Structures are given as structure tokens and as C-alpha cells.
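Reader: I would like a close look at one part of this structure, taken slowly and with the criteria spelled out. Please begin there and then work outward to the rest of the chain.

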Amino acid sequence: MKKKIALLVTLPTLIMSLAGCAGGNNASDGGTDTLAEESRQNAAVNYIGGEMNLYTWDGMFPQEILRGFEEETGVRINYSNFDYDEDMLAKLEETQGGDYDFVIADDYILELVIAEGLAQKLDTTRLENYENLNPVFMSQFYDPDNEYTVPYGAGIPLIVYDPALTNVEITSYEDLWDPSLEDNVAITANYRVINGITLKTMGESFNTEDLDVIRQAGEKLLSLAPNIRVINDSNTQDYIVSGEVAAAFLYTSQVYAALNARDDLEVVYPEEGLGFGIMAGFIPSDAPNPDAAYAFIDYINRPENAAACFEYIGYYCTNKAAEEYISDEMKEFIVLPEDAAEGEIVQNISQEAEDLHAEIWNQFRAACD
């Protein structure tokens, strides 16, 4: 990208030099001057200037992408970050949709951002690379008509297992209940996700509001307790990598770490369906510099730039056109297979259903101790 920028900057100068050499022979010919002017315009077509206030978690973009955007557009990026989605929402509420130009956050909080009128509708005609986005990660509950957001990465918890430590060929969530895996499974500690995959084995939604169905799932989840050795959110992959357990249900980054450490492990896209967690970006309703935000969205969705971003953050690539630019060693970790089962996002549900999930989780944790 730097070489391309340098070429655009020096091309007008080169043309003007050539015009000076030829001027004595054809002083009345304005063709060269016209070409020089067109070249100057092309060099400046992406120049915007000013500042862009970017608000998201720390470490969401490689430095070369941020630097490349600044060099190409003349926009200075002010990168500030938050730890929790709720902090972002509170800040946006405080500023009434102002102060920030582009924000990236999690799916469930985006529903609240949009409902409160804190995001502006996108003019997709201003985004040349909009068609590069993967429709699998779009039209979600928080933005069903894709009016406000663009996806930027997805987390997909998956099963990883060691074929040498079990005779079970694991293909589904249901297989985690196999008696041969007694005291041999590690799982993450997100209760809605773990309760959710239990619902999936019953053919139900992560987000059912049917309290009787949730109770039935709770009873089934209790029957998984004998197989659970570890419930842990941090570095859960260490237990499968070390051979302490035969199977583990892991977050995306943990799946990557496990497979990167041991290429003999198997990853499973459960046949009952996947659980997605999608990050997406939006322009706040009163953004100071929306022009810069549009330019940034378009820049990070150029296929080669998107590939660099997703290889850096290690989340599933939500830009379909970028997949061919992702290195072969990374594709198995961040490109969703064509034959992968369809996914569903854990959504906000009624307080009564939420409380029941929490009660079930507490009972399950006690049974695993």
C-alpha cells in the first residue's frame, strides 16, 4: 500500500517534468497540462483530512492498516478503547451519539444502540466495498435490514478433541454426553452458551422463551456433569493441549491457540448448528466526521486490507472477498467452511428466562464440583 501511495504522490511531478521537456516543441498543446491535472485529482481523490475518533476494544487493528489509512486520506485517527460494551453504551448515551465517528461493539449491545437512536443509517452507496461483506454474518437480530451496521469479525465457539484420548468420533454437541468421556471434558464458563448448546441438542433455539423447555434443558445439562473436569473461561485450551482432557468446548481465540499448539487435534463444527458472536461497526448518530468514518469502513473492507485485519485479530473473517487473501496456514482458523452448519446468536431474552438460566447454571456448577 505504501508503494502505491508513493506512486500516486510522485506521478504528477513526473508528468509535469515531462511536460517541461516537451514544452518548447508544442507550447500551444494543452493535452499534457490536462493529463497532469487529472493525475493530481486522482492522487487527491481519497484525501479527506481532519480527524476520526475510533472507539472499540484495544488491539482491533494492525498498525499498518491504521497507518495506511492515515497516509492515504490525511485523516488522523484518535483510537480510544473500552473494556465492556456497557461502558461504550454509557459513553454514547452521555454524548447523545456524538464525540465518536466509528464504533465497533458486540451484537447484543448494538440492538440497544440502535433502539436508542444512537446510530445513524448507512448510505451504502458511499461504500465501494460493501458487497465484499459475507451475508452469513449480516441481517442479524440487532440489524435485520442491514441499515446501521457492518460486521467486523465473528466468534464461533467450537469443540476441539484429541483422537488419541477417546474412541468417540465427535461430530456434535450431543457427543459430549458420551459416557466414555467421563471426567474428560473442559468447557467455557458462559452459562447462556453452555445452556444454549444443550438446547441445541434438543432441537431448540438458544433464545427460546419457553420456560418449560429451558427447565428440560437444565435437567439434561445436569446429566453432563459427570463428564466435566474443568469449567473455566481463561486459557481453557491449555487442558486439551496438555492432554489433561480429551475434549474441550472453546472460544474462537482458544480454538486457534489449541490448533496452533498441536496439529493432531481435531476441530468440530457441531452438526446441531453453530453459536455466533458477531462484532459490528456503526457510525454514531451525531458523529463529528462521518466522511472519515465512511472512508475507514471502505478501507478496512478492501479484500487485502480485511485479510490483514482478520489474520491480526484472529476472529472469523466476515468479508467474503478477503478469504482468498488469507494465508493458507490461517484459513482453517478464521475462514468459515462452506459446509459449516448454520449459526445462531445468543440474544437478549426476558428477565424471567434469564433468571432461570442462571439458576440452572448454578445447579450445574454445584453438580460438577
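Which residues in α4 meet which residues in α5?

Author: A word on the basis comes before the answer: this is a predicted model, in which local features need pLDDT of at least 70 and side-chain atom pairs count only at pLDDT 80 or more, while totals for chains, interfaces and linings use all residues. Residues are numbered from 1 along each chain as its sequence is written, and side-chain values use heavy atoms, with hydrogens and water left out.

From α4, the residues Asp85, Glu86, Met88, Leu89 and Leu92 meet Tyr108, Ile109, Leu112 and Val113 of α5, where contact means heavy atoms within 4.5 Å. By class, this set divides into seven nonpolar residues, no polar ones and two charged ones; here Ala, Val, Leu, Ile, Met, Phe, Trp, Tyr, Cys and Pro count as nonpolar, Asp, Glu, Lys and Arg as charged, and the others, Gly among them, as polar.

The geometry of the pair can be given in a few values. Helix α4 spans residues 85-94 and helix α5 spans residues 107-115, and they pack at an angle of about 15° with their axes 10 Å apart. Axes are lines fitted to C-alpha atoms, for helices over the stretch in contact, and angles run from 0 to 180 degrees between N-to-C directions. The two helices are therefore roughly parallel to each other, since angles under 35 degrees count as roughly parallel, over 145 as roughly antiparallel, 65 to 115 as roughly perpendicular and the rest as oblique. Their crossing is right-handed, a term used if the near helix is turned clockwise from the far one by less than a right angle, with anticlockwise giving left-handed. Helices (H or I, at least four residues) and strands (E, at least two) are DSSP runs, numbered from the N terminus.

Within this contact, Val113 of helix α5 deserves a separate look. At 0% relative accessibility, Val113 counts as buried, buried meaning under 20% relative accessible area, exposed over 50% and partly exposed in between, with a 1.4 Å probe and protein chains only. Not counting residues up to four places away in sequence, Val113 touches Met88, Leu89, Leu92, Leu118, Ala119 and Phe282. With Met88, the separation is 25 residues in sequence and 9.7 Å in space, C-alpha to C-alpha.

From α5 the chain runs on through a loop towards β4 (150-155), and Arg126 lies in that loop. Arg126 forms a salt bridge with Asp291, the closest N and O atoms being 2.7 Å apart, a salt bridge being a side-chain nitrogen of Lys or Arg within 4 Å of a carboxyl oxygen of Asp or Glu. The partners are 165 residues apart, with Asp291 in helix α10 (residues 290-300). Arg126 is partly exposed, with a relative accessible area of 37%, and Asp291 is likewise partly exposed, at 39%.

Helix α10, to which that salt bridge leads, is mostly covered, with nine of its eleven residues buried. Among the buried residues of α10 are Tyr294, Phe296, Asp298 and Tyr299. The elements that cover them include β1, α3 (63-73), β2, β3 (102-106), β4 and α11 (303-313). In α11, the buried residues include Pro303, Asn305, Cys309, Phe310 and Ile313, and the buried part of α11 packs against α3, β4, β10 (274-282), α10 and α12 (328-334). After α11 comes Gly314, whose phi is positive, near 75°.

Strands β1 and β2, both named among the cover of α10, are themselves joined by a salt bridge, for Arg76 in strand β2 (residues 76-81) and Glu51 in strand β1 (residues 51-56) form a pair that lies 25 residues apart. Their side chains meet at 3.4 Å, N to O. Arg76 has a relative accessible area of 48% and is partly exposed, as is Glu51 at 42%. The structure holds 13 salt bridges, and a network of them links Asp162, Arg262 and Asp264.

For the wider setting, the protein has 13 helices and eleven strands. Of its 369 residues, 51% are buried, and of the contacts with a separation of 6 or more, 76% come from residues 24 or more positions apart.
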